[in-house]
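Trainee: I should like to request a close look at one part of this structure, namely its nonpolar core and the sheet beside it in the discussion. Please treat the two in one connected account.

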Amino acid sequence: MTLLLNQNELRETLERLARAIASAAPHDVPVAVVGIRRRGETLAKRLMALLTKAGVKPAHYGVLDITLYRDDLTSIGPSAVVRGTEIDFDITDTWLVLVDDVLHTGRSVRSALDALTDLGRPRAIRLVVLIDRGGRELPIQPDFVGRRIETEPHHVVRVKLVEVDGVDEVELYDRSGQ
């Protein structure tokens, strides 16, 4: 196991992301922050407060469940857990900040984009990820990245957040045991 971000580094990374998002956010369009369940929603909540500190007061917050939009839904079948999307605002014409913890193949983000377009047509969608681990299978790239790392297929990046896991840190594991 390799520690990629400790508690302080995670906090500093989120603060840096918030400043970058705030500097890119338009002044004439409502900003909405939407987190992909599960850790993306927690990171999105944290970014809401940090964006306000950085001078941008998001108009909306939401949580997106992509379970039913996954391209592997038939293979995971009954083990799929639908927790529900919680977006109680019209996303049309918003500058939508989509938040996820780890970007790897791009398939989760593709699912999220499909789910969002079923809800409306945002003015723009900007992708924020805490960790970009490479290995893309789809042509999807983040607009804002906390940290980029190169990984192998046998690696696992685990984001731990105090709200869910009791600790703030990001770890890299080698599944192959090497």
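Mentor: The account below takes the core and then the sheet. The model is predicted, local features need pLDDT of at least 70, side-chain atom pairs count only at pLDDT 80 or more, and totals for chains, interfaces and linings use all residues. Residues are numbered from 1 along each chain as its sequence is written, and side-chain values use heavy atoms, with hydrogens and water left out.

The largest nonpolar core (buried Ala, Val, Leu, Ile, Met, Phe, Trp, Tyr and Cys residues joined through side-chain atoms within 4.5 Å; buried means under 20% relative accessible area with a 1.4 Å probe, protein chains only) has 34 residues, and Trp95, Leu130 and Val170 have the most contacts inside it. Among the elements that give two or more residues to this core are strand 1 (2–5), helix 1 (7–24), strand 7 (155–160) and strand 8 (169–174); helices (H or I, at least four residues) and strands (E, at least two) are DSSP runs numbered from the N terminus. Apart from this core lies another, of 19 residues, including Ile36 and Leu116.

Trp95 touches, among others, Ile21, Pro30, Arg126 and Phe144, leaving aside residues up to four places away in sequence; contact means heavy atoms within 4.5 Å.

Strands 1, 8 and 7, in that order, form an open antiparallel sheet, where pairing requires at least two DSSP bridges between two strands. Strand 1 and strand 7 are its edges, each pairing on one side only. Strand 7 and strand 8 pair over six bridges, and Val156 stands opposite Tyr173 in strand 8. Helix 1 lies across strand 1, strand 7 and strand 8, at about 35° to strand 1; axes are lines fitted to C-alpha atoms, for helices over the stretch in contact, and angles run from 0 to 180 degrees between N-to-C directions.

Definitions and conventions
Buried means under 20% relative accessible area, exposed over 50%, partly exposed in between (1.4 Å probe, protein chains only).
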